[in-house]
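Work through the exercises below with the model open beside you. Each task is followed by a stepwise solution.

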Amino acid sequence: MKNITKKFGHLTANDNINLTVYKGEVHALLGENGAGKSTLMNQLYGMIEPTSGEIYINGNKVNVNNPNVAIANGIGMVHQHFMLVEPFTVVENIILGSEITKYGVLDMKKAKEEIVELSEKYSLYVNPDDKIEDITVGMQQRVEILKALYRGADILILDEPTSVLTPQEIKELVIIIDNLTKEGKSVIIITHKLKEIKQVADNCTIIRRGKRIDTVKVDEVTEEELAAKMVGREVTFKVPKEDRETSDTVLSIDNITVKNNRGLVAVDGLSLEVKRGEIVGIAGVDGNGQSELVEAITGLRKIEKGHVKINGKDITNMTPRKIIDNKVSTIPENRQKVGLVLDFSIYENMILENYHKEPFSKKGILQKDKIIDNAKNLIKQFDIRPTDETVLAKSLSGGNQQKVIIAREIMNNPDLLIATQPTRGLDVGAIEYVHKELVKQRDRNKAVLLVSLELDEVMNVSDRIAVIYEGKIKYVVDAKEATEAKLGLEMAGGKK
């Protein structure tokens, strides 16, 4: 890609970027949220056209003005938010738009054979007859990769491929990428996870605020050097925090039982306490009742038995609004589905929980000037970009969407802040920011409950760590005494 510039009105998303990718290499594209990585790759895949610049594939100049041209030239892309039809099966999704017909009739048998052959070749094991809505996110990602390979992709773009995967699935993905490059495929990974770049990439191009900063050989740089190039300053990986005395219990969970969507017990007689001035981290492998626990505390899921108290007051099975009024705020696990209304502006999203209260409404009428002033203050305070409060939430980068939610939840001045996967899909600069905000809340004598699948995050940020396994808290330890090996063993349900 030569001198690629992309402008959206006055905003320059890509500013004269050059990128060279070789056959059989893994090339990482590193940058903060909103640096212009996905925009650059969307031009390579023909989703948007460059304002200026040229694209060459195997030495030939190609005008990639739509994805069909990209696919015809051997380019495939797996988007961060998958593009799959949920009620369809795996095989139906893979062949969609490239169907094999025999005498005008869909030849499913041949399609299945080809897909099984492909999946075995690259260790992308899937069941062709499963419906997308019934398989895990990791499996869905495999389907997306197979879909690209089925269309003959030699250059595969993976946008934030690990942001939704468990640690085990990440290991499997690393093996898959390795298999692809052994077959001579080139893989471009859009990411901001430094650990992964060190693990899989050969070369890395760093983009900051739309400009190419550098291209480096990965084995010649440290994670710290990559982080500094990406953010433009040194980044601290350790969360700076002083020891604190805890005081009264804010959250008290007593022996609660909660069922999942299939009516099976997901939280099984769980008890836990969080006091003022502490961060309690819940560590566990995905699917051990974390989501159901948070939904139960926040009024989104029925508690079958047991009690949840805030500051000694029983809030079991109250409505979400009443629970918010009892000083509980939540940074939800899925910012796009639960945290934001994507078609609302930043200023509207900022008051979703308080629109009915003064100063935002008087006698049932919204006070727009007050609502906009509130958004302007929060945008400044939380460094949300772009700084225009009328921008729709769906057009923000992941990190800035997260900042909108954090700003709104902290504005509520909660006694208990629940943070679920608060840094999922964020870059090191944004992660550092979120961690500091959580510690700030604890230092203001608030109680913080952190639920995360990232073990490093739980160990770094928490004061105490509780391991959840099969819906029960089975081990609680002071964070200073926790070891990754011991926590890992408990998370897997191991015995001494």
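Is T330 buried or exposed, going by relative accessibility?

Solution. T330 has a relative accessibility of 18%, so T330 counts as buried. The cut-offs are: buried under 20% relative accessible area, exposed over 50%, partly exposed in between, with a 1.4 Å probe and protein chains only.

A note on the source: this is a predicted model, where local features need pLDDT of at least 70 and side-chain atom pairs count only at pLDDT 80 or more, while totals for chains, interfaces and linings use all residues. Residues are numbered from 1 along each chain as its sequence is written, and side-chain values use heavy atoms, with hydrogens and water left out.

**Exercise 1. Place T330 and list its contacts beyond four places in sequence.**

Step 1. T330 sits in strand β19, residues 328-331. Helices (H or I, at least four residues) and strands (E, at least two) are DSSP runs, numbered from the N terminus.
Step 2. Set aside the neighbours within four places in sequence. T330 then touches V294, T298, I405, E409, I418 and T420. Contact means heavy atoms within 4.5 Å.

**Exercise 2. Assess the burial of helix α9.**

Step 1. α9 covers residues 290-297.
Step 2. Its buried residues are Q290, E292, L293, V294, A296 and I297.
Step 3. Six of the eight residues are buried, so α9 is largely enclosed by the rest of the structure.
Step 4. Look just past the helix. G299 follows α9 and has a positive phi, near 85°.

**Exercise 3. Describe N349 and N68 by accessibility and by a C-alpha distance.**

Step 1. N349 is in helix α12, residues 346-349. Its relative accessible area is 0%, so N349 is buried.
Step 2. Beyond four places in sequence, N349 contacts L340, V341, F344, A393, V404 and R408.
Step 3. N349 and K363 are 14 residues apart in sequence and 21 Å apart in space, C-alpha to C-alpha.
Step 4. N68 belongs to helix α2, residues 67-72. Its relative accessible area is 59%, so N68 is exposed.
Step 5. N68 and Y45 are 23 residues apart in sequence, with 8.6 Å between their C-alpha atoms.

**Exercise 4. Find the largest nonpolar core and its best-connected residues.**

Step 1. Apply the rule: a nonpolar core is a set of buried Ala, Val, Leu, Ile, Met, Phe, Trp, Tyr and Cys residues joined through side-chain atoms within 4.5 Å.
Step 2. The largest core has 50 residues, and C204 and L226 have the most contacts inside it.
Step 3. Helix α5 (residues 137-150) gives the largest share of this core, six residues.
Step 4. A second, separate core has 35 residues, including I346, Y433, V448 and V461.
Step 5. Return to C204. Beyond four places in sequence, its contacts include H27, A28, L30, I197 and L226.

**Exercise 5. Classify two helix pairs by angle.**

Step 1. Axes are lines fitted to C-alpha atoms, for helices over the stretch in contact, and angles run from 0 to 180 degrees between N-to-C directions. Under 35 degrees counts as roughly parallel, over 145 as roughly antiparallel, 65 to 115 as roughly perpendicular and the rest as oblique.
Step 2. Helix α4 (residues 108-121) packs on α5 at about 110°, with the axes 11 Å apart. So α4 is roughly perpendicular to α5.
Step 3. On the α4 side, A111, E114, I115, L118 and S119 meet L146, L149 and Y150 of α5.
Step 4. Helix α14 (residues 398-411) packs on helix α15 (residues 428-443) at about 10°, with the axes 12 Å apart. α14 and α15 are therefore roughly parallel.
Step 5. K403, I406 and I410 of α14 meet Y433, V434, E437 and Q441 of α15.

**Exercise 6. Check the backbone for cis peptide bonds and positive phi.**

Step 1. Recall the baseline. Most residues other than glycine have a negative phi, and most peptide bonds are trans.
Step 2. E358 and P359 are joined by a cis peptide bond, with omega about 0°. P359 is in the loop between α12 and β20 (361-362).
Step 3. Another cis bond joins R385 and P386, with omega about -5°.
Step 4. N311 has a positive phi, near 50°. At 38% relative accessible area, N311 is partly exposed.
Step 5. N445 has a positive phi, near 70°. At 26%, N445 is partly exposed.
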